[in-house]
Amino acid sequence: MAGVLIVARHALQEALRRRVLVVVLVLTVLFGALYTWGCDELFKDVSGFSDTTSGLDAKTLAGATIIGLAMFGSLFLGSVLATFLTAGAIRGDAEQGLLQPIVVRPLSRAQYLAGRFLAAAVVSAAYVLVVYFGAVVVTGVVGDWWPKHPFAAGFRLAGAAVIVAALSLLGSVFLTATANGICVLMAYGAGLLAGLLGAIGDAIPSHTLQNIAGVASWMLPFEALYRDALRLLVQDVPGVAGAIVQLGPLGGSHDAGPLLLPWALLYLVLVLAFGALAFARRDL
């Protein structure tokens, strides 16, 4: 365990040296400032709007929509952070001659892989939670609207970021840092696109689009966790407002069922196990 922690600390120190975390911090501050400003303007605009005949709750609609967008933003930034922390973890470091001096007895390859994953998973998950709960607090303070299941949704977002980190670490065994980063981010985009197709399929309805989204959700569980987090956000929004947020910018909210969390955990274990096996057989 000590070796794993040493590698994790080394990975974080390397990220600081390369100013990765500094760039992320600057982007986060900008995101927070823009979100606060937009939230304030949005609730000002809807404060005088009401339609009792249709049952539309404008404040609920505004709050659910803007937090849904914040969920997308926090997961996207967290996934980018996880990718940058792991994209060159194996092959990239090996090609630069940085890996060979580290992977020696008593520090095994499995310990090195576990340490890199631990650093990326903890940092990216914590980052997603901080940004997401920051948005929840800002929305509650500025607009006086709070989601009913913030912790369950946040847990799923953090889990999605951890799975992205594991996939990026697996890719680093086979691909260069640049190729791996592109591949992971394209997979991330493909997952979100599949979720959007699923939302369209639910609205039409189209069984073909629903099946595509369903298969993608099981192949890329981070996408399923994101859609389930959106479901938790909007499931208690009543009336017309609830119908709008499910079909509007949030799109893709979906209940994957009780097997989602166990499958996501098993998927994570399988990805890490396959990565460890491939790394063990790789010639450095």
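## Worked exercises on a helical chain

α5 and α6 pack with their axes 8 Å apart, at an angle of about 145°. Keep in mind that the model is a predicted one. Grab the structure and work through these.

**Exercise 1. Work out the handedness of the α5 and α6 crossing, and say which kinds of residue make up the contact.**

Step 1: The crossing of α5 and α6 is right-handed.

Step 2: List who meets whom. On the α5 side, the residues include Leu113, Phe117, Ala121, Val128 and Phe133. On the α6 side, they include Phe151, Phe155, Ala158, Val162 and Leu169.

Step 3: Sort them by type. The contact of α5 with α6 divides into 20 nonpolar residues, two polar and one charged. Arg116 of α5 is among the residues in this contact, and Arg counts as charged.

**Exercise 2. Look at the loop between α5 and α6, and find what is notable about the phi of Asp144.**

Step 1: Place the residue. Asp144 is in the loop between α5 (109-143) and α6 (150-174).

Step 2: Check the backbone. Phi of Asp144 is near 55°, which is a positive value in a residue other than glycine.

Step 3: Is Asp144 buried or exposed? Its relative accessibility is 53%, so Asp144 counts as exposed; the cut-off for that label is over 50%.

**Exercise 3. Describe how α7 and α8 cross, and name the residues that make the contact.**

Step 1: Start with the geometry. Helix α7 (residues 177-203) and helix α8 (residues 207-219) have axes that come within 7 Å and cross at roughly 145°. This crossing is left-handed.

Step 2: Pick out the residues. From α7 come Ala194, Leu197, Gly198, Ile200, Gly201 and Asp202. From α8 come Leu209, Gln210, Ala213 and Ala216.

Step 3: Sort these too. The contact of α7 with α8 has six nonpolar residues, three polar and one charged. Asp202 sits in that contact, and Asp counts as charged.

**Exercise 4. Stay with α7 and decide whether Gly195 is buried or exposed, then find how far Gly195 is from Tyr226.**

Step 1: Gly195 lies in helix α7.

Step 2: With a relative accessibility of 4%, Gly195 counts as buried, since the limit for that is under 20%.

Step 3: Now the distance. Gly195 and Tyr226 are 31 residues apart in sequence, and their C-alpha atoms are 9.1 Å apart in space.

**Exercise 5. Classify the ring pair formed by Phe72 and Phe76, and find which cluster the two belong to.**

Step 1: Count first. The structure holds ten aromatic pairs.

Step 2: For Phe72 and Phe76, the ring centres are 6.3 Å apart and the planes lie at 10°, so this pair is stacked. The centre cut-off is 6.5 Å, and planes under 30 degrees apart count as stacked.

Step 3: Both residues lie in helix α3 (residues 58-86), four residues apart, or about one turn of the helix.

Step 4: Check exposure. Phe72 counts as partly exposed at 38% relative accessibility, and Phe76 counts as partly exposed at 35%.

Step 5: Widen the view. Ring pairs link Phe72, Phe76, Tyr188 and Phe222 into a cluster.

**Exercise 6. Zoom out: how many helices and strands does the chain have, and what share of its residues is buried?**

Step 1: The chain has eleven helices and zero strands.

Step 2: Buried residues make up 49% of its 284 residues.

Step 3: For contacts between residues at least 6 apart in sequence, 81% join residues at least 24 apart.

Step 4: The chain exposes about 13,800 Å², with carbon and sulfur atoms supplying 71% of that area.

Conventions: Residues numbered from 1 in each chain as written. Predicted model: local features only at pLDDT ≥ 70, side-chain atom pairs only at ≥ 80, totals over all residues. Heavy atoms only, no water. Axes fitted to C-alpha atoms, helices over the stretch in contact; angles between N-to-C directions. Helix = DSSP H or I, 4+ residues; strand = E, 2+ residues; numbered from the N terminus. Left-handed = near helix turned anticlockwise from the far one by under 90°. Contact = heavy atoms within 4.5 Å. Phe/Tyr/Trp six-rings, centres within 6.5 Å; stacked < 30°, edge-to-face > 60°. Buried < 20%, exposed > 50% of the residue type's maximum accessible area, 1.4 Å probe, protein only. Areas by Shrake-Rupley, 256 points an atom, 1.4 Å probe, with all protein chains shown as cover.
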